[in-house]
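Colleague: I would like a close look at one small part of this model, followed by how that part sits in the rest of the chain. Please take your time and spell out the cut-offs as you go.

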Amino acid sequence: MAWLRATVARFAYGEVHVRRREFVEAELARIDVAGLRPVGRVGVVRALAGAMGLPELDEAAVGALLVVAANYFGGEDPAADDAVRLLLPLMGSDAEQAANRIGILVQACDATAALIEGVREFGDVHAALRFAPPVRVMRRVALVATRVGDVEIPAGEVVELEVGALGLAFGYGPRVCPGRAVAMALAGA
Ligand code: HEM
């Protein structure tokens, strides 16, 4: 799990982030989700994996993905290490690309399932994003001491940014969600 976190775009910065992010964007650009109408996070993960040309994910693989998703942003569950081991051979031979494919599926599952639920409740994607944004906060670790407005932020501090309330449901800037178009298409359908 520690290796996975150290190898995905999500937790990298600078040039390494740019390189991994390019891979993620290219991977998502070649996906065709027309005609897919997944329900729930299991449906989302299976539909995306299929569209990415990965081998069909059986129950064990889907379960492993959900365990990784639950531990992605922290946690020491040893089951997550086993889950990464189970998933890696399904994701292709290049280790960095394989890790980032897992990253794509993990990032997609809960947020997209929540967006689909929101569409059911509020009628369309735009209303869902407005009234029930699936991601409410983004977290950052300050690499150096800095100041934002009146707030002093020491190096190493974890900072939470409330994006949902600002209408930035897919984030903003160099790390804006690369899955936006795919998620909108899936939830719209
Ligand atoms: C097909 C579905 C999705 C995929 C494949 C996906 C993929 C990703 C990936 C790989 C990142 C990390 C980007 C980076 O670090 O450069 C990311 C970030 C993000 N995603 Fe998505 N995502 C999906 C759905 C969603 C949905 C439905 C939402 C909310 C409406 C969402 C909100 C965000 C936000 C706010 C970030 C930025 C997080 C941060 O920087 O802290 N994503 N997404």
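Which residues does R140 touch, not counting residues up to four places away in sequence?

Modeller: Happy to help! R140 touches V159 and L161, once residues up to four places away in sequence are set aside; contact here requires C-beta atoms, placed from the backbone, within 7 Å of each other. Before going further, please keep in mind that this is a predicted model, in which local features need pLDDT of at least 70, side-chain atom pairs count only at pLDDT 80 or more, and totals for chains, interfaces and linings use all residues. The numbering starts from 1 along each chain as its sequence is written.

Now to the surroundings of R140. This residue is found in strand 1, which covers residues 137-141. Helices (H or I, at least four residues) and strands (E, at least two) are DSSP runs, numbered from the N terminus. Strand 1 and strand 4 (residues 158-162) pair in the antiparallel sense over five bridges; for two strands to pair, DSSP must find at least two bridges between them. V159, already met as a contact, is also the bridge partner of R140 in strand 4. Further along the pairing, V141 stands opposite V158 of strand 4. As background, side chains in a regular strand alternate between the two faces of the sheet.

How covered is this part? R140 is partly exposed because 13 other C-beta atoms lie within 10 Å. On this scale a residue is buried with 20 or more other C-beta atoms within 10 Å of its own, exposed with 12 or fewer, and partly exposed in between, with C-beta atoms placed from the backbone. Strand 1 is hardly covered, with zero buried residues among its five, and strand 4 likewise has zero among its five.

Let's step back to the whole chain. It is divided into domain 1 (2-133 + 177-188) and domain 2 (135-168), with bounds from an automatic or database domain assignment. The C-alpha centres of these two domains lie 24 Å apart. For a sense of distance from our starting residue, the C-alpha atoms of R140 and N71 are separated by 17 Å, with their positions 69 residues apart in sequence.

N71 leads us to helix 4, where the buried residues are A64, L65, V67, V68, A69 and N71. The cover over these buried residues includes helix 3 (40-51), helix 5 (78-87) and helix 6. Helix 5 contains D82, which is partly exposed because 13 other C-beta atoms lie within 10 Å. The C-alpha atoms of D82 and V68 are 9.4 Å apart.

Helix 6 contains N100, which counts as buried because it has 25 C-beta neighbours inside 10 Å. Leaving aside its neighbours within four places in sequence, N100 is in contact with V8, A9, R20, F23 and V24. T7, in helix 1 (residues 2-7), is buried too, because 20 other C-beta atoms lie within 10 Å. T7 touches E96 and A99, again not counting residues up to four places away in sequence.

Finally, the ligand. Its shell holds 27 residues, the closest being A108, M138, G171, C177 and G179; a residue belongs here if its C-beta atom, placed from the backbone, lies within 6 Å of the molecule. At least three residues of the shell come from each of domain 1 and domain 2. Helix 2 (14-29), helix 6 (95-122) and helix 8 (180-188) each supply at least two, and helix 6 gives the largest share, seven residues. By class, the shell has 19 nonpolar, five polar and three charged residues. In this count Ala, Val, Leu, Ile, Met, Phe, Trp, Tyr, Cys and Pro are nonpolar, Asp, Glu, Lys and Arg are charged, and the others, Gly among them, are polar.

Methods. Two residues are in contact if their C-beta atoms, placed from the backbone, lie within 7 Å.
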